[in-house]
Amino acid sequence: MEAKKTNKKRSMWGDVLKRLAKNRMAVLGGIIVVGLILVAICADFICDYQAEAIFQNVKIRLQGPTSEHILGTDEFGRDMFARIVHGSRISLLVGFVATMLAMVLGLILGSSAGYFGGKTDMLIMRILDVFMAIPQLLLAITLVAAFGTSVGCLMIALGISSVPSFSRMLRSQVITVKDQEFIEAARAIGAKDSHIITTHIIPNSLSPVIVQVSMRMASCILSISSLSFIGLGISPPTPEWGSMLSGGRMYLRDAEHITMYPGLAIMITILAFNLLGDGLRDALDPKLKR
Amino acid sequence: MENKYLLDMKDVVIHYETDEGIVEAVNGIDIQLAEGKTLGLVGETGCGKTTTALSILRLVPDPPGKVKSGKIILDGVDIMAASEKEMREIRGNVVSMIFQDPMTSLNPVLTVGDQIAEVVAIHNKDMKKEDTIKRAMEMLEVVGIPGERHTEYPHQFSGGMKQRVVIAIALACSPKLLIADEPTTALDVTIQAQVLELMNNLKSQFKTATIMITHDLGIVAETCDEVAIMYAGSIVEKGNLEDVFNNTMHPYTEGLFNSLPDVENRAAKLKPIPGLMPDPTKLPKGCAFAPRCQYATEQCKTEKPALVKYSDTHYAACLAYQDKNFKLKGWGK
């Protein structure tokens with residue numbers, strides 16, 4: 001009885017992490033993502049927001065990288081490094097909140113559509129089909145145009161435009177899970193529908209959702225930058241990668257670093273999330289278990 | 001009369017209404033089961049055993065399944081008239097079910113302890129979380145698994161152990177009726193014997209009435225008090241073990257016994273019942289077994305036999321017995 005403590009607790013998620021750790025690209029993606037999150041959290045300790053990212057000093061505008069400003073200065077003489085560091089905050093925050101919003105709404109809508117089927121399914125999916133018919137960025141532009149360009153509106157707009165893909169994926173997943181015997185078994189012990197959905201169906205449908213979260217984060221961040229680039233996202237002077245790109249495009253010939261560094265930041269961030277997402281997909285795929 | 005039986009099913013008819021036609025899965029079944037008794041429900045694949053069992057829990061998938069008529073009284077409650085809320089209280093608490101395949105009837109992402117605790121928590125709303133886990137550990141010990149393994153996941157258990165966990169879940173709330181739907185079909189023979197022995201012990205320990213659904217007559221002989229033989233959605237013969245095994249009356253039952261390998265004469269060829277079960281979307285007008293029956297007469301093709309009482313416990317549905325001198329050739333010959 002007492003010497004039995006050796007049998008290790010091996011959960012499904014433990015196995016997934018182990019498989020993920022074997023995938024080098026995914027680990028690289030994961031490290032970059034974690035690094036970005038740390039940078040976003042510690043942005044105020046790395047460089048001062050007011051003095052370096054907002055304060056304009058025209059005397060030193062459009063300078064290339066120097067020892068004082070390691071990534072140079074922009075068209076108003078603001079430190080590029082500070083602006084990129086603080087810009088990560090907006091991108092990650094909006095991307096995260098929008099994705100979470102989409103995930104929660106998608107979970108609720110997709111799982112009820114898949115579980116109950118019939119008329120509920122019809123109603124939910126047809127409404128989502130209408131949303132699906134409009135390209136994501138266009139829908140976001142419309143919503144931002146209608147509700148204004150605050151950070152909150154941007155989150156809601158991007159979140160809502162990501163809901164259909166989450167719910168579609170979850171619905172198909174739920175439909176395969178709900179026909180399994182343990183769902184019938186759960187019903188046979190007297191569990192309520194809501195209980196079955198939350199404790200049996202959703203945890204078993206979650207793996208593609210996790211992959212989707214990672215991929216969606218990337219596309220949301222790209223959307224924020226796109227919206228800011230055309231002036232519908234974050235309004236200046238708040239540092240944001242997309243609006244930095246947009247501001248720098250006038251000086252592309254003689255100060256290419258103003259567009260290059262924010263562009264690199266966007267690229268690396270999206271690459272990292274996509275690498276992580278790909279790795280998660282492989283790690284969560286039961287067919288690849290070895 | 002009402003409270004004489006724990007389970008009283010009367011003339012239950014269940015159809016599956018699909019686009020291709022109406023599948024007559026269960027055609028007028030009567031089952032009476034007293035408390036603490038075990039009934040073996042025997043029949044070949046697709047004869048409506050599982051549908052019958054699901055109707056007791058009112059879990060026949062709808063659509064396409066429809067309970068057309070009949071009455072099911074379980075522990076004094078009319079199952080057909082109960083509300084969904086009442087049904088949820090009955091399921092798992094008064095009656096619970098063991099499913100065929102232990103590999104798929106456990107949720108892969110929950111620990112086995114949590115899954116046992118789940119039933120306990122559903123039916124004892126005011127019980128604390130720790131107490132439900134404690135109960136889960138007790139149940140694991142009861143089915144012969146060390147209690148501390150409750151933090152493990154189903155994939156860490158073997159097939160036989162998973163089936164033990166399923167049994168623990170089914171018995172966690174000490175139900176009055178346990179429905180076991182081919183509980184050993186997915187297991188290999190040595191494990192089958194262990195699981196059956198465990199079920200027998202637990203049955204006497206918890207005084208649970210059981211409906212054992214199986215197609216294995218050996219299991220019936222070992223575990224059951226009464227037997228009902230089903231064919232194409234109807235009961236063709238029912239009685240206690242002695243009646244059905246030693247005084248076999250229905251030709252189909254005889255055919256089942258004949259299909260068993262003969263232990264004394266191993267070289268003997270198996271004698272399967274010729275033909276196939278009739279298509280349940282178009283059952284023959286007369287006796288459903290007539291096309292395969294060696295005793296069938298013209299009358300069998302047009303007239304449906306009723307279940308006739310031949311002794312206090314023994315019933316059979318066969319027209320041949322209208323001739324008082326009729327006897328089966330006897331099995332094993």
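These are my notebook entries on a predicted model with chains A and B.

**Ground rules**

I number residues from 1 along each chain as its sequence is written, with chains lettered from A and ligands numbered from 1 in the order in which they are written. In this predicted model, local features need pLDDT of at least 70 and side-chain atom pairs count only at pLDDT 80 or more, while totals for chains, interfaces and linings use all residues; side-chain values use heavy atoms, with hydrogens and water left out.

**Entry 1: chain A overall**

I started with the fold of chain A and found twelve helices and zero strands. Helices (H or I, at least four residues) and strands (E, at least two) are DSSP runs, numbered from the N terminus. The C-alpha trace of chain A spans about 75 × 55 × 30 Å along its principal axes.

Next I looked up burial. Buried means under 20% relative accessible area, exposed means over 50%, and partly exposed is in between (1.4 Å probe, protein chains only). Of the 290 residues in chain A, 47% are buried. I also noted an accessible surface of about 14,600 Å² for chain A, with 67% of it belonging to carbon and sulfur atoms. Such areas come from the Shrake-Rupley method with a 1.4 Å probe; for residues, only the protein chains shown count as cover.

Then came contacts (heavy atoms within 4.5 Å). Among the contacts in chain A with a separation of 6 or more, 72% are between residues 24 or more positions apart.

**Entry 2: helix α11 of chain A**

Why is α11(A) described as largely enclosed by the rest of the structure? I found that seven of its eight residues (the helix covers 241-248) are buried, so the description fits. The buried ones are Trp241(A), Gly242(A), Ser243(A), Met244(A), Ser246(A), Gly247(A) and Gly248(A). Their cover includes α2 (24-41), α5 (80-116), α10 and α12 (257-284) of chain A.

At the start of α11(A), I saw a side-chain oxygen of Glu240(A) reaching to within 2.5 Å of the backbone nitrogen of Gly242(A).

**Entry 3: where A meets B**

I counted 24 residues of chain A in contact with 32 residues of chain B. The two chains bury about 2,400 Å² between them, 58% of it on carbon and sulfur atoms. Buried area is the accessible area (1.4 Å probe) that two parts lose on being put together, summed over both.

Which helices of chain A each supply at least two residues of the side that touches chain B? They are α1 (12-22), α9 (181-188) and α10 (193-229). The largest share, six residues, comes from α9(A). I sorted this side of chain A into eight nonpolar, seven polar and nine charged residues. In that sorting, Ala, Val, Leu, Ile, Met, Phe, Trp, Tyr, Cys and Pro are nonpolar, Asp, Glu, Lys and Arg are charged, and the others, Gly among them, are polar.

How many salt bridges does the rule find across this interface? It finds zero. For the rule, a side-chain nitrogen of Lys or Arg must be within 4 Å of a carboxyl oxygen of Asp or Glu.

**Entry 4: salt bridges elsewhere**

Over all chains, my search of the whole structure gave 18 salt bridges. One of them joins the side chains of Arg89(A) and Asp44(A) (3.5 Å, N to O). This pair links distant parts of the chain, with Arg89(A) in α5 and Asp44(A) in α3 (residues 43-46), 45 residues apart. Arg89(A) is partly exposed at 32%, and Asp44(A) is partly exposed at 44%.

In chain B, I picked Lys176(B) and Asp75(B), whose closest N and O atoms are 3.0 Å apart in a salt bridge. Lys176(B) is in the loop between α5 (159-171) and β7 (177-181), and Asp75(B) is in the loop between β4 (65-74) and β5 (77-78), 101 residues apart.

I also noted a network of salt bridges linking Asp74(A), Arg78(A) and Arg83(A).

**Entry 5: two residues of chain B**

Is Thr132(B) buried or exposed? Thr132(B), in helix α4 (residues 129-142), is buried with a relative accessible area of 3%. Not counting residues up to four places away in sequence, Thr132(B) touches Ala117(B), Val120(B), Ala121(B) and Met127(B).

I then turned to Glu222(B) in helix α7 (residues 217-223). Glu222(B) counts as exposed at 54% relative accessibility. With the same four-place exclusion, Glu222(B) touches Leu196(B) and Asn200(B).

Definitions and conventions. Polar contact = N/O pair within 3.5 Å; in protein donor to acceptor, adjacent residues only side chain to side chain.
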